[in-house]
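Here is a short report for a reader new to this structure. Look it over first, then read on.

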Amino acid sequence: MKNKAQLLHALTLFISASFGVLQAQNAPVNAEFGIKGGANMSNLYSGEVDDKNAIYGFNVGVYAAFPITDNIFIQPEILYTTKGAELEYNSDFVSGVGRFRLNYIEVPLLVKFKVTQNFNVHVGGYASYLVDGKVTNESSAGTAFDFEENINADDFNRFDAGLSAGVGVDFDPLSIGLRYNYGLTTVGKERSFLGTNYTFPDAKNSNLSLYVAYKLN
């Protein structure tokens with residue numbers, strides 16, 4: 001908990017400092033505005049992050065990039081993005097796939113470094129708000145055991161935050177990039193049942209996204 005609090009505190013300081021730097025600039029020149037979207041490979045982790053139980057989804061939204069220098073930009077974004085995990089099970093009686101999907105409004109705040117004219121590296125953090133989600137099950141036992149249900153978002157932590165890092169290749173006005181988000185906030189809330197406290201799901205978001213961006217100006 002102490003390490004988690006320190007990481008969240010560092011993320012807050014980073015976002016605050018980034019906004020301060022942006023406000024300290026005179027009217028920025030060559031600011032960029034655009035739209036973006038792509039595919040996600042997401043998972044939930046409780047120990048080490050791995051690619052087991054990954055689920056596929058999408059991200060779509062808008063971005064802006066404000067220059068600090070010729071090669072350094074502050075880049076805020078607003079995205080609709082899907083996360084979650086998938087679980088395959090197989091026993092002597094039944095096999096199938098369960099999917100747990102979470103849909104967020106996400107606000108990354110990044111510092112983008114243009115290493116060359118066509119290649120960039122970006123690092124920063126994100127904060128997101130859980131909008132809704134869905135649980136589905138498809139089994140070999142027949143349609144009677146298959147279901148699709150919307151979750152009650154209030155049963156989960158509405159807010160998520162984490163660290164972001166990625167790379168991009170720019171072909172004006174198009175850009176292609178790969179980004180990884182490492183969640184710092186537990187997805188589930190703590191509950192009590194028969195005097196026992198538990199958290200479900202006791203895990204954090206992990207998300208790899210491939211995106212295409214289009215500059216509008």
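How many aromatic pairs does the structure hold? It holds five. Rings of Phe, Tyr and Trp (its six-membered ring) pair if their centres lie within 6.5 Å; planes under 30 degrees apart count as stacked, over 60 as edge-to-face and the rest as tilted. In one pair, the ring centres of phenylalanine 33 and phenylalanine 66 are 5.9 Å apart and the planes are at 80 degrees, so this pair is edge-to-face.

This is a predicted model: local features need pLDDT of at least 70, side-chain atom pairs count only at pLDDT 80 or more, and totals for chains, interfaces and linings use all residues. Residues are numbered from 1 along each chain as its sequence is written, and side-chain values use heavy atoms, leaving out hydrogens and water.

Two lysines have their charged end over a ring (NZ of Lys or CZ of Arg within 6 Å of the ring centre and within 35 degrees of the ring normal).

| Charged end | Ring | Distance from ring centre |
|---|---|---|
| Lysine 83 | Tyrosine 104 | 5.4 Å |
| Lysine 112 | Phenylalanine 73 | 5.3 Å |

Now the strands, which are DSSP runs (E, at least two residues) numbered from the N terminus. Two of them pair if DSSP finds at least two bridges between them. Strand β1 (residues 32–45) pairs with strand β11 (residues 204–215) in the antiparallel sense, over 12 bridges. Here serine 42 stands opposite asparagine 207 in β11. Strand β8 (residues 174–186) also runs antiparallel to β11, joined by 10 bridges. Isoleucine 176 stands opposite valine 212 in β11.

Terms used: Helices (H or I, at least four residues) and strands (E, at least two) are DSSP runs, numbered from the N terminus.
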